[in-house]
Amino acid sequence: MKNGIMRPGHVQIRVLDIDEALEHYCGLLGLIEVDRDDQGRVYLKAWTEVDKYSVILTLADDPGMDFMGFKVTDETSLEKLHRDLLDHGVNVDVIPENELVDCGRRLRFISPSGHTFELYVDKKCTGKWGIEELNPEAWPRGLKGMRVQRFDHCLLYGDELDATLDLFVNVLGFYLTEQVLSDDDSRIAQFLSLSNKAHDIAFIFHPEKGRFHHASFHLETWEDILRAADLISMTNTAIDIGPTRHGLTHGKTIYFFDPSGNRNEVFCGGDYSYPDHPPITWKSDQLGKAIFYHDREVNERFLTVLT
Ligand SMILES: [Fe+2]
C-alpha cells in the first residue's frame, strides 16, 4: 500500500438482463443485494466486506466491465495520486460524490491497456453482513449458493502491457508479483499486488484494448471450490474449466460464466506476497502449466472468450 491505495473496492459489470444476473450473482455466488439507483443499477456486497457494496450490475446491450475502483486510505493520498497521474500524462475525470450511491468523489482514468479505473476514499461502511463487530460469530447463517467471501481481483486483457506496468508500479504503487514473458522477453502477463495477496489486478496481453476476462471472488477452502462446482452443475451454469489449480499464484480455482457471458472465478489459497519478494517469472513455452497447472494446456476459451 505504498501510495495509499488499499484494495480493490468495486467493479461495475454490464449484463443483458438484470433479473437473470441477480439469480446468478445472488442466488448462485451468494452476493447480497443492498441497493438500487435511478439508473437501474443494482448494488451487491459479499458478506465479509465492510463497505456497502463491491459489485454494481448495470443493464447494457453488450456484456463486459465498465470500470474497476480501488479504495484509497485518505484524501491527501488521493490528491497526490491525482497530481501524479496528471504528471504522468494520464487524463483524469472527477466523478462527483453519490454518482454511485453512498460513494464519495471518484478519480477516473484509463490505463494504456484500455481499461477504466477509479480511485476513491469514501464509501458508506455498513460492516460485515450478518455478524456483529463485537464478539462476532464465525459466519452468518442465511447465505446463499457459494457464499463467496469477497470480491478479490479482476483479470483484464489488453495491449501496451509495458506502459500499464509502468503506470501501476511507478504511479499507483502496486508491485509486480508474477509475470509471463515470451522468448524475447516481451510481456504476456503481469500480476500486481497492493497487499499480501498474490494479485489485486492482473493483465494478459491481447491485441485489442479494454477487454474483460474475469472478476474473481474468494472462498475459504478447496472443499468450498468443489461445492461451488456442484452448484454450477445443479444450476446448469456454463462452466469454463475446473476445479483445478493455477501455476501462476498457485491458487485453486473454478471458472464459469454469468448468463450474459461474463466470466467469473471463485478461488481459494495460493501464494502470499510482500513487496520485497522477487517477481516470479514463467516463460511462454510453459504458459499452459502457468495457467492450468494440472492440464498443462490452455483451453481455447480461456484465451478467446472475453467480454
Ligand atoms: Fe483470477
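1. Two strands are taken to pair if DSSP finds at least two bridges between them. With that in mind, and remembering throughout that this is a predicted model, one may begin with β9 and strand β12 (residues 201-205), which run parallel and are joined by five bridges. Within this pairing, Y157 stands opposite I204 in β12.

2. These two strands belong to an open sheet of nine strands with mixed pairing, whose order is β14-β15-β16-β13-β9-β12-β11-β10-β17. At its edges stand β14 (239-245) and β17 (280-283), each of which pairs on one side only. From one strand to the next, the twist in this sheet averages 15 degrees. Strands of a sheet pair through backbone hydrogen bonds, either parallel or antiparallel.

3. Helix α3 (residues 161-171) lies across β9, β10 (175-181), β11 (187-193) and β12 of the nine-stranded sheet, and the direction of the helix runs at about 15 degrees to β11.

4. Which protein residues act as donors of the iron ion? They are H153, through NE2, H214, also through NE2, and E265, through OE, and they lie 2.1 to 2.2 Å from the ion. Along the sequence these donor residues follow the spacing H-x60-H-x50-E. H214, in strand β13 (residues 211-218), and E265, in strand β16 (residues 263-268), are 51 residues apart, so that this pair links distant parts of the chain.

5. As for enclosed space, the count comes to one cavity of 30 Å³ or more, and the largest cavity has a volume of about 110 Å³. Its lining is made up of 14 residues, of which L155, F191, H214, H246 and Y255 lie nearest the centre of the cavity; H214 has already been named as a donor of the iron ion. The elements that give two or more residues to this lining are β9 (150-158) and α5 (287-291). Sorted by class, the lining has eight nonpolar, five polar and one charged residues.

6. Two backbone details deserve a careful look, and the background to them is that most residues other than glycine have a negative phi, and most peptide bonds are trans. The peptide bond from G242 to P243 is cis, with omega near 5 degrees, and P243 is found in strand β14, one of the edge strands of the nine-stranded sheet. T249, although it is not a glycine, has a positive phi of about 70 degrees, and this residue lies in the loop between β14 and β15 (252-257).

7. A further open sheet, this one of eight strands, has the order β2-β3-β4-β1-β5-β8-β7-β6, again with mixed pairing. Why is one side of β2 and of β6 left without a neighbour in the sheet? Both β2 (32-36) and β6 (93-95) stand at the edges and have a single partner strand each, so one side of each remains without a neighbour. On average, and with direction ignored, neighbouring strands of this eight-stranded sheet are turned by 25 degrees against each other.

8. Within the eight-stranded sheet, strand β7 (residues 106-110) and strand β8 (residues 116-120) run antiparallel and are joined by five bridges, and L107 stands opposite L119 in β8. Helix α2 (residues 75-87) packs on this sheet, where it touches β1 (5-15), β5 (64-72), β6, β7 and β8, and the direction of the helix makes about 145 degrees with that of β8.

Terms used: Residues are numbered from 1 along each chain as its sequence is written. This is a predicted model: local features need pLDDT of at least 70, side-chain atom pairs count only at pLDDT 80 or more; totals for chains, interfaces and linings use all residues. Side-chain values use heavy atoms; hydrogens and water are left out. Helices (H or I, at least four residues) and strands (E, at least two) are DSSP runs, numbered from the N terminus. Axes are lines fitted to C-alpha atoms, for helices over the stretch in contact, and angles run from 0 to 180 degrees between N-to-C directions. Contact means heavy atoms within 4.5 Å. On a 1 Å grid over the protein atoms alone, a cavity is a set of points where a 1.4 Å probe fits but cannot get out, and a pocket is an open set with protein on both sides within 12 Å along at least five of seven lines; lining residues have an atom within 4 Å of a point. Grid points are joined across faces, edges and corners, and a volume is the space filled by probe spheres set on the points. Ala, Val, Leu, Ile, Met, Phe, Trp, Tyr, Cys and Pro count as nonpolar, Asp, Glu, Lys and Arg as charged, and the others, Gly among them, as polar. Donors are N, O and S atoms within 2.8 Å of the metal (3.2 Å for Na, K and Ca); water is not among the atoms, so sites may look incomplete.
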